[in-house]
Amino acid sequence: MKVVALAGGVGGAKLAYGLAQALPAGNLTVIVNTGDDFEFFGLKVSPDLDTVCYTLAGIANPKTGWGRADETWHTLEGLEELGAPDWFRLGDRDLATHLERTRRLKNGQKLHQVTRDFCRAWGVEVAVFPMSDDPVPTQVKTDEGMLPFQEYFVRERCRPRVSGFIFQGADKARPAPGVKESIQDADMVVICPSNPWVSVDPILAVSPIREWLQEKTVLAVSPIIGSRAVKGPAAKMFREMGIEPSAFAVAGHYGSLLSGFVIDEEDREQVEEIQSAAWGSVSVCDTNTWMETEEERVRLAREVLAFGKTLI
Ligand code: FO1
């Protein structure tokens, strides 16, 4: 069975890791959000790509979920001494990734090629693609004006109220080479429990990815349990966009794209409401969606795949 996963940051990377363990090598492709990408000190930063690749390689920082394990921070400390911008924390090992990515992009390599080469170097057998080689930087509309995504997310710690998102350049961006073939070959597409607004929507905004997905069996795993986001500001964003955060709200966000939806067992009472909602027929599976340990990532991945098989 061939599977494509759409993933953003830490939550998406965890399920992608589980799927990689649950599927034979070569049967999984992960398409990753690059709306979070930006430049810092002239370096090309691709946080979600790195989070997914580091996680698949088993070298992600287990405390933060982003950045590298066994990290040291000497460069950051040196920058702090000089009064340089230090709000975005690049560790010493992580810095190597950024220096080399920036060098390669300057020399004319495309982001999907750099990602492929880095995955090879880190021993990642899963095919990982950026959604696009073209820049699609997310801009967050807030009560304090328009903010580039990382300034909103990291520098301002998601404090400003959001009223919308712009995926700048999405109208001109093209899917990265390999994205079309992997979606067309897939028996199912899994939208990982990533933030629907800022991790998954940018991928769907790169035309014609949404249209390709409409032809497929698409499942999503809810990143909201109860009325809380498992990680990050997804629940806050739903509220500020005038929507009560819930698994039901996530299903409504993806609407008719979904054939199947996986929710946490805590939200079991929402199953019928979701199945009979106006946006069309979606089958719902409830299970434990927490992924604290590696075993839990693999268990959830197996359940998602088994559920997906019933929908193909
Ligand atoms: N997130 C933070 O909250 N603070 C940071 O200083 C930070 C640094 C960072 C460096 C490299 C990287 O790949 C990710 C980093 N992140 C940091 C995470 C990242 O900004 C967000 O989690 C994602 O963009 C949202 O998915």
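**A parallel sheet and the helices around it**

In this predicted model, an open sheet of seven strands runs in the order β5-β2-β1-β9-β10-β13-β14, with parallel pairing; two strands count as paired if DSSP finds at least two bridges between them, and strands (E, at least two residues) and helices (H or I, at least four) are DSSP runs numbered from the N terminus. The edges are held by β5 (127–130) and β14 (283–287), each of which has a single partner strand, so one side of each is left without a neighbour in the sheet. Neighbouring strands are turned by 20° against each other on average, direction ignored, where axes are lines fitted to C-alpha atoms, for helices over the stretch in contact, and angles run from 0 to 180 degrees between N-to-C directions.

Residues are numbered from 1 along each chain as its sequence is written. Local features need pLDDT of at least 70 and side-chain atom pairs count only at pLDDT 80 or more, while totals for chains, interfaces and linings use all residues, and side-chain values use heavy atoms, with hydrogens and water left out.

Within the sheet, β10 (residues 218–221) and β13 (residues 260–264) pair in the parallel sense over three bridges, and Leu219 has Gly260 in β13 as its bridge partner. Helix α8 (residues 196–205) lies across β1 (3–7), β2 (28–32) and β9 (188–191), running at about 120° to β1.

Helix α5 (residues 111–122) has twelve residues, which at 1.5 Å a residue should span 16 Å (1.5 Å times one less than the number of residues), and its end C-alpha atoms are 16 Å apart, which agrees. Its residues Leu111, His112, Val114, Thr115, Asp117, Phe118 and Cys119 are buried, meaning under 20% relative accessible area with a 1.4 Å probe and protein chains only, where exposed is over 50% and partly exposed lies in between. These buried residues pack against α2 (47–57), α4 (92–106) and β5, contact being heavy atoms within 4.5 Å. In α2, ten of the eleven residues are buried, so this helix is largely enclosed by the rest of the structure. A positive phi of about 75° is found at Gly58, just after α2, and at Gly123, just after α5.

Elsewhere, the axes of α1 (residues 10–22) and α13 (residues 294–309) come within 7 Å and cross at roughly 70°. That makes α1 roughly perpendicular to α13, a class that covers 65 to 115 degrees, with angles under 35 roughly parallel, over 145 roughly antiparallel and the rest oblique. Among the residues that meet there are Leu15 and Leu19 in α1 and Val298 and Leu305 in α13.
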